[in-house]
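Biologist: Could you walk me through this model, starting wherever you like?

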Amino acid sequence: MFNKIRLWKNQNNSSTLRDKIEAIKKLPVPEHVAIIMDGNGRWAKKRALPRIAGHHEGMKVVRKTTMLANDLGVKTLTLYAFSTENWKRPKNEVEYIMKLPEEFLGTFLPELVENNVQVKMMGYKNQLPVHTLHAIEKAMEETKHNNGLVLNFALNYGSRAEIIDAVKQVLNDSKSGILKENELDEQVFSSYLMTSEFADPDLLIRTSGEIRLSNFMLWQLAYSEFWFTDVLWPDFSEEHLLEAIEVFQKRQRRFGGIL
């Protein structure tokens, strides 16, 4: 009897989720969604678990979020996986986080390939452990011909460093005569950033109740819509992503102008 009730509830929830997805797809969907995945450690602490347990649970949410974003027709999903400042965390936690790309991609890469997802990464590769970089480069190579959702991991990424490096490249190109001063505008400068092949994010999502950017895509988020939630990343569900996009679809984006 209880099993039948449980089955009926699951089928009903699945039907409701599918209805929401189809309704959202009838309106403009954000082409580029960026997510600051925050709250793994707090999720674990609330359950008297080690912090790494939260990171492991959060990995499962990455899979669900990626599959749903792909289903919705999102073109780029950028996930803030590890910042240039995160090296300050305890050594065992950092070492575990650096193993997650291997575990995630080792488990889900066939599914990503099957669903036409292309894996990308932005960040400073030279500081990453060899095994981490190998797992990401393998995934990038095996998905490079896919033309569906781009799953872009921001790994060992920091926006201020990115902007400073871009300025240095602009100065070098200017001195070399490759770039003339009057040619430099926002579009040209954007081409010097790590996100040069992507459109700027339309929607930024941050979990765990924190309301700050934490050195994430400071240039690119200038006119993005922000959606903050108190939900910790391991508890972030498909319904939460749909809610964020529904809110986005109700907003009027003026880009400094007047409608």
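Modeller: We can go through strands, then cores, then one helix, keeping in mind that this is a predicted model.

Biologist: Is strand S2 mostly enclosed or open, and why?

Modeller: In strand S2, which spans residues 76–83, 7 of the 8 residues are buried, so the strand is largely enclosed by the rest of the structure.

Biologist: And which strands does S2 pair with?

Modeller: Strand S1, residues 32–36, pairs with S2 in the parallel sense over 5 bridges, and there Ala34 has Thr78 of S2 as its bridge partner. S2 also pairs in the parallel sense with strand S4, residues 150–157, over 7 bridges, where Thr76 stands opposite Val150 of S4.

Biologist: Switching to the largest nonpolar core, which residues touch the most other members?

Modeller: That core has 50 residues, and Leu72, Phe104, Leu112 and Ile205 are the ones touching the most other members. Its largest share, 10 residues, is supplied by helix H4, residues 91–114. There is also a second, separate core of 10 residues, which includes Ala34, Ile36, Met217 and Leu221.

Biologist: What about helix H5, which of its residues are buried?

Modeller: The buried ones in H5 are Thr132, Leu133, Ala135, Ile136, Ala139 and Thr143, and because they cover an arc of only 160° around the axis, they lie on the same side of H5.

Biologist: So what covers them, and which residues are exposed on the other side?

Modeller: The cover over the buried residues of H5 includes H4, strand S3 (118–122) and S4, whereas Val130 and His134 are exposed on the other side of H5.

Technical notes: Residues numbered from 1 in each chain as written. Predicted model: local features only at pLDDT ≥ 70, side-chain atom pairs only at ≥ 80, totals over all residues. Heavy atoms only, no water. Buried < 20%, exposed > 50% of the residue type's maximum accessible area, 1.4 Å probe, protein only. Helix = DSSP H or I, 4+ residues; strand = E, 2+ residues; numbered from the N terminus. Pairing = 2+ DSSP bridges. Core = buried A, V, L, I, M, F, W, Y, C linked by side-chain atoms within 4.5 Å. Arc of directions from axis to C-beta. Contact = heavy atoms within 4.5 Å.
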